[in-house]
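Got your viewer open? Here is a short set of exercises to work through, each with a solution in steps.

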Amino acid sequence: MELLRFATAGSVDDGKSTLIGRLLHDTKALFDDVIDAVAATTARRGGEGLDLALVTDGLRAEREQGITIDVAYRYFSTPLRSFVIADTPGHVQYTRNMVTGASTSDVAVILVDARHGLREQSLRHAALSALLGIQHLVLAVNKMDLVDWSEARFTEIRDEFAALAERLDVPVVTAIPLCALDGGNVVDPSPHTPWYDGPCLLEHLETLPLPRYDEGALRLPVQLVIKPGVGSGAGVTAERRWYAGSLAAGIPQVGQEIVVLPSGTHSRIAAVEGNAPAVRVQLEHELDVSRGDVIADAHDAPHTVPQILARVAWMADKPLRAGSHVLLKHGTRTVKAVATQLHDRLDVATLDTHTGVDELGLNEIGTVTFITSLPLPIDAYATNRTMGSFIVIDEVTNGTVGAGMVAEPAGAPV
Amino acid sequence: MTVIDQTSTEFDDADRVGLDHRLAQLEAHAIFVIREVAAECERPVLLFSGGKDSVVMLHLAKKAFEPGVIPFPVMHVDTGHNFPEVIEFRDRLVEQMGVRLVVASVQDAIDEGRVADPGPTGSRNRLQTQPLLYEVGRNKFDAAFGGARRDEDKARAKERILSFRDLFGQWDPKNQRPELWRLYNPRVRAGEHLRAFPISDWTELDIWRYIAVNDIELPQMYYAHQREVVERDGMLLATSEVTPALPGETPFVETVRYRTVGDMTCTGAVRSDAATPLEVLTEIEQSRITERGATRADDKFSEAAMEDRKREGYF
């Protein structure tokens, strides 16, 4: 069965929790004891029937405040596909948690309330989804019942969002008019939208093509060197070392010419074992290969550069400035780095880019040049999600403070 | 869903990758996480109860380091009220796999006065946190692999793959580290540690499909057998020294199996004739009750029972 991961995002009160509850309920993913618990809680709070928003209730603090603080993961499947939902928070102060959920998602479903239309949060979520390279955006225009299922209102919001998506370079946007509360156009078609001939939300999620990130030439960031027999006492053999890792692209073939980066030494694949993408390979030559190195196609290797130009989403209170010393984790290697230049910052409210900035603050997105202590083999994020991404780690606190997406494969800004 | 096809043991691994996008992705991701933590942390340990999720974890760890050996020990938090057949199975599997077993004993914690004695029949479930953290500290473990799954509970649904624990072993759910892509940040300072959950995204069905496909042995109590039980709070509890029948309860023999394996005082059985992994799969697909709802008294206290225990440092 195929697995599709999608993130849901929206402003407070756009009905995101209700929509997820509706999807889970109508695909029979909710078990009886969960339904009983939701019914009991609904009644205790003075409601009637099932308040589906309670299904995604997670933390005590979230129940107290009626908001989503951190991403929660939910699971359901249909005869056609299985799904992981990353239910992400809408508040600007929890943007890092939204980005956490969206970074592993194939699709982003952005909710808007049909009465209010697009809001700053909608723009922020669309911009972050685009930044993360999500190829499919779904605009779920919710609470259509509260605008009398007006086609004109739906078209207005859809067109406004389409214009926005064009500026963000999002390839595919699908807008769906729905009502999570009564379930219209979520799993089953609504009788109120004879003017809409597109798919219901679930049908769309079941049929859109699965994005593939692992196409292209061989890229294997080495996680571990496995020496057969070590630790097992007797019977240590002279067998070659294995290099274990998760393929970032391509499938290694026995006999294939490879290059080890950043050293640049060449060899051939001698053996491959494991289930892709989690594999281990042996090389024909005894080379010095260690964790952090990348085994790549010798004829189509990534650029190995000492300087990276990247789009960065900043996630810490302490801002990033030119001259800031940080750690970058790229693939399986962590290196020291310094931010040498801040080029611009994106204003998510207007989607305008401002130059001449001197810092990147919490929840801001900008373009930054880093110089690294060791050259890194990189591809552009648009080409390869793994080879084109890194996280920024604060050396003092150990916290993850930023997410970087490589803008230019050549690394050096012009 | 064509489960029978996907779980047929006739498929070899190569077929399965082609046929089952989902299970192949889940396995590869789990192996990736296990390798990352083993490579970056100084002293990892794998939490191992003998239950199905931890057995799958041990199997994945073996796969991650083949043809080498698993480079870390396993740790069992033993309430002293475990099913004897599970302890026997634990010892046998650990021996087979050639890994070292560390036992964090609740009984020792009681005897040494580290936790209060709940009495001979009291639940020792919540008492597991102290010996767990005690052994983590004593052995200087900086990462503990767990077999928790996000589909088990709403607090678990919120947790990262790598989840940070402070000096006191506590989880702060309102301030979790961002976790981008598959770029895990396992950095901790001395005294802090991580919990790593490589099978976070697996469901109960995935676990059973994986067990069926890979022919993984489990304690026999996961399959239908005859057992003397009493019915209490809607659950079937095995009668034993620590779970005697209460006044007014009449023990009876029933054909049952366990969906989860935990402390005897709070783990219930379900009526079942499922005797093989495939039969269990069929049964779970038709089940309308979650595994914890069906069989765990400890999760029924409040809406936030698991969250509260996790904050204190529980699994």
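The exercises below deal with a predicted model, and they go from single elements up to domains and chains.

**Exercise 1. Work out how helix H1 of chain A sits in the structure, and what covers it.**

Solution.
- Step 1: Find the helix at residues 16–26 of chain A.
- Step 2: Apply the burial cut-off, which is 20 or more other C-beta atoms within 10 Å of a residue's own. Ten of the eleven residues pass, so the helix is largely enclosed by the rest of the structure.
- Step 3: Name the buried ones. They are A:Lys16, A:Ser17, A:Thr18, A:Leu19, A:Ile20, A:Gly21, A:Arg22, A:Leu23, A:Leu24 and A:His25.
- Step 4: Look for the cover. It includes strands E1, E2 (72–77), E3, E4 and E5 (136–142), along with helix H7 (201–207), of chain A.
- Step 5: Check the backbone just past the helix, where A:Lys28 has a positive phi of about 60 degrees.

**Exercise 2. Take strand E1 of chain A, one of the elements covering that helix, and find which strands it pairs with and in what sense.**

Solution.
- Step 1: Start with burial. E1(A) spans residues 3–10, and eight of its eight residues are buried.
- Step 2: Split the strand by face. In general, side chains in a regular strand alternate between the two faces of the sheet. Here A:Leu3, A:Arg5, A:Ala7 and A:Ala9 are on one side, while A:Leu4, A:Phe6, A:Thr8 and A:Gly10 are on the other, and both faces are covered.
- Step 3: Go to one neighbour, strand E3 (residues 82–87) of chain A. It runs parallel to E1(A), with six bridges joining them. To get the register, put A:Leu3 opposite A:Ser82.
- Step 4: Go to another neighbour, strand E4 (residues 107–113) of chain A. This pairing is parallel too and has five bridges. Here A:Phe6 has A:Val107 as its bridge partner.

**Exercise 3. Do the pairing analysis again for strand E19 of chain A: how many bridges join E19(A) to E13(A), and how many to E16(A)?**

Solution.
- Step 1: Locate E19(A) at residues 365–378; ten of its 14 residues are buried, so by the burial cut-off it counts as mostly covered.
- Step 2: Count bridges to strand E13 (residues 303–314) of chain A. There are ten, and the strands run antiparallel. One pair to pick out is A:His303 with A:Ile378.
- Step 3: Turn to strand E16 (residues 333–347) of chain A, which is also antiparallel to E19(A), over eight bridges. A:Arg345 stands opposite A:Gly366 in this pairing.

**Exercise 4. Describe how domains 2 and 3 of chain A meet.**

Solution.
- Step 1: Set the bounds. The assignment gives domain 1 (3–207), domain 2 (219–297) and domain 3 (303–406) in chain A.
- Step 2: Get the separation. The C-alpha centres of domain 2 and domain 3 of chain A are 29 Å apart.
- Step 3: Count the contact residues: 13 come from domain 2 of chain A and ten from domain 3 of chain A.
- Step 4: On the domain 2 side, strands E7 (219–226) and E12 (294–297) of chain A each give two or more residues. E7(A) gives the most, with four.
- Step 5: Sort the domain 2 side by class, and you get eight nonpolar, three polar and two charged residues.

**Exercise 5. Characterise chain B, its two domains and its contact with chain A.**

Solution.
- Step 1: Tally the chain. It has eleven helices and ten strands, and 53% of its 315 residues are buried.
- Step 2: Read the domain bounds. Domain 1 of chain B comes in two segments, 3–207 + 303–312, and domain 2 of chain B is 218–299.
- Step 3: Put the domains together. Their C-alpha centres are 23 Å apart, and 26 residues of domain 1 of chain B contact 21 residues of domain 2 of chain B. The domain 1 side has ten nonpolar, ten polar and six charged residues.
- Step 4: Move to the chain interface, where 47 residues of chain B contact 53 residues of chain A. Helices H2 (13–19) and H3 (21–40) of chain B each give two or more residues to the chain B side, and H3(B) gives the most, with eleven.
- Step 5: Finish with the classes on the chain B side: 21 nonpolar, eight polar and 18 charged.

Definitions and conventions. Residues numbered from 1 in each chain as written. Chains lettered and ligands numbered in written order. Predicted model: local features only at pLDDT ≥ 70, side-chain atom pairs only at ≥ 80, totals over all residues. Buried ≥ 20, exposed ≤ 12 C-beta atoms within 10 Å, placed from the backbone. Pairing = 2+ DSSP bridges. Domains from an automatic or database assignment. Contact = placed C-beta atoms within 7 Å. Nonpolar A, V, L, I, M, F, W, Y, C, P; charged D, E, K, R; others polar.
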